[in-house]
Amino acid sequence: MELPATNRMEKVISCFKKSPDAVARLICFPWAGGGSIHYARWGNVLSSSIEGRESRAKEPFFQNMQQVVDEVISVLLPLLKEKPFALFGHSFGAFTSFAVADALKRLHNLEPVHIFLSGASAPYSETRIQAPKRSDLSDDDFLKWLISIGGTPPELLANPEVLKLFLPALKADLHIVENYRCNEPDIPFLSCAVTCFDGKDDIPHDLPAWKSITSGDFTVRMLDGSHFYLKESGNEKIILDYVTKQVETSEMDYL
């Protein structure tokens with residue numbers, strides 16, 4: 001049964017804080033298995049000129065990136081036609097941002113004013129293609145890996161009932177990422193600025209490879225911390241200040 005439009009919107013998109021007068025929207029795509037609570041806090045920090053929204057295309061579990069993109073765009077498209085927008089994605093969310101931007105440009109000739117990609121190699125880079133697959137690990141081995149990268153609340157890891165719900169969602173997201181394949185663009189398909197963020201202590205990511213997607217400005221920002229560096233309050237302030245400045249500047253250029 002198809003959901004009514006308003007219910008479908010609420011199921012897929014979470015608005016941090018409604019700002020009808022905002023000149024631009026920031027669409028945030030979460031990392032594998034979560035991100036909602038963290039991004040929700042951003043709505044209280046972002047400048048009033050930017051309205052934050054998060055894509056929550058999570059249930060039922062999707063099998064591939066195309067399903068995620070189709071669902072997100074079907075709901076987001078009317079919003080993206082209303083005013084300028086930027087995309088932010090961390091880890092799994094970085095791949096989603098890329099795939100959504102690609103589809104928006106190809107199918108609707110829509111382009112963000114800025115894309116912020118965090119904690120991930122470009123999907124067509126050798127670093128990404130050769131990365132070990134985690135979604136097929138046993139639950140015990142998967143948990144060991146999860147603990148090793150940090151970022152997951154200890155109380156969640158210590159609660160068997162919650163883990164029963166959390167692990168399948170996380171593995172489903174990782175399955176999508178690990179099996180997502182695309183070719184490096186022959187020519188840039190975007191002209192907007194692209195900024196890559198990463199933690200200095202995370203595993204090495206091929207950030208320069210992202211340059212292939214745009215003819216616009218390309219910037220890499222390395223911050224202290226590992227994979228979930230963006231959860232640190234100091235880094236969060238750096239990111240949000242930077243995002244706000246870049247989006248507001250891009251909006252002036254857009255006009």
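Which exposed residues does the face of H6 turned away from its buried side carry? The model in which this is asked is a predicted one, and the answer is Asp140, Lys144, Ile147 and Ser148. The opposite side of the helix, the chain around it and its aromatic pairs are taken up in turn below.

Helix H6 spans residues 139–149, and its buried residues are Phe142, Leu143, Trp145 and Leu146. These residues cover an arc of only 160° around the axis, which puts them on the same side of H6. A general property of helices helps in reading this pattern: an α-helix has 3.6 residues a turn, so residues three or four places apart point the same way. The partners of the buried residues of H6 are helix H7 (154–157) and helix H8 (160–178), against which they pack. Phe142 has a further neighbour, since Lys171 lies over the face of its ring at 5.3 Å from the ring centre. Just after the helix, Gly150 takes a positive phi of about 70°.

The chain as a whole contains nine helices and seven strands. Of its 255 residues, 53% are buried. Among contacts with a separation of 6 or more, 81% are made by residues 24 or more positions apart. The accessible surface of the chain comes to about 12400 Å², and carbon and sulfur atoms account for 53% of that surface. The structure holds zero disulfides. Cys28 counts as buried, at 0% relative accessibility, and Cys196 is likewise buried at 0%.

Positive phi values also occur in residues other than glycine, on either side of helix H4 (92–108). Ser91, in the loop between strand E4 (85–90) and H4, has a phi near 60°. Asn109, in the loop between H4 and strand E5 (114–118), has a positive phi of about 50°. Are these two residues buried or exposed? Ser91 is buried, with a relative accessible area of 17% against a cut-off of 20%. Asn109 is exposed, with a relative accessible area of 59%.

Strand E5 leads on to the aromatic residues, of which the structure has twelve pairs. In one of these pairs, the rings of Phe116 and Phe197 have their centres 6.5 Å apart and their planes at 25°, so the pair is stacked. Phe116 lies in strand E5 and Phe197 in strand E6 (residues 193–199), so this pair ties together parts that are 81 residues apart in sequence. Phe116 is buried at 0% relative accessibility, and the relative accessible area of Phe197, also buried, is 0%.

Phe116 takes part in another pair, with Tyr242: the ring centres are 6.3 Å apart and the planes stand at 80°, so the arrangement is edge-to-face. Tyr242 belongs to helix H9 (residues 233–254) and Phe116 to E5, so parts 126 residues apart in sequence are tied together. Tyr242 is buried, with a relative accessible area of 14%. Phe116 thus joins E5 to E6 through a stacked pair and to H9 through an edge-to-face pair.

Elsewhere, Phe95, Phe98, Tyr124, Tyr180, Phe189 and Trp210 form one aromatic cluster. A charge also sits over the ring of Phe228, where the charged end of Lys231 is 5.1 Å from the ring centre.

Definitions and conventions: Residues are numbered from 1 along each chain as its sequence is written. This is a predicted model: local features need pLDDT of at least 70, side-chain atom pairs count only at pLDDT 80 or more; totals for chains, interfaces and linings use all residues. Side-chain values use heavy atoms; hydrogens and water are left out. Buried means under 20% relative accessible area, exposed over 50%, partly exposed in between (1.4 Å probe, protein chains only). Helices (H or I, at least four residues) and strands (E, at least two) are DSSP runs, numbered from the N terminus. The arc is that of the directions from the helix axis to the C-beta atoms. Contact means heavy atoms within 4.5 Å. A disulfide is a pair of cysteine sulfur atoms within 2.5 Å. Accessible areas come from the Shrake-Rupley method with a 1.4 Å probe; for residues, only the protein chains shown count as cover. Rings of Phe, Tyr and Trp (its six-membered ring) pair if their centres lie within 6.5 Å; planes under 30 degrees apart count as stacked, over 60 as edge-to-face and the rest as tilted. A charge sits over a ring if NZ of Lys or CZ of Arg is within 6 Å of the ring centre and within 35 degrees of the ring normal.
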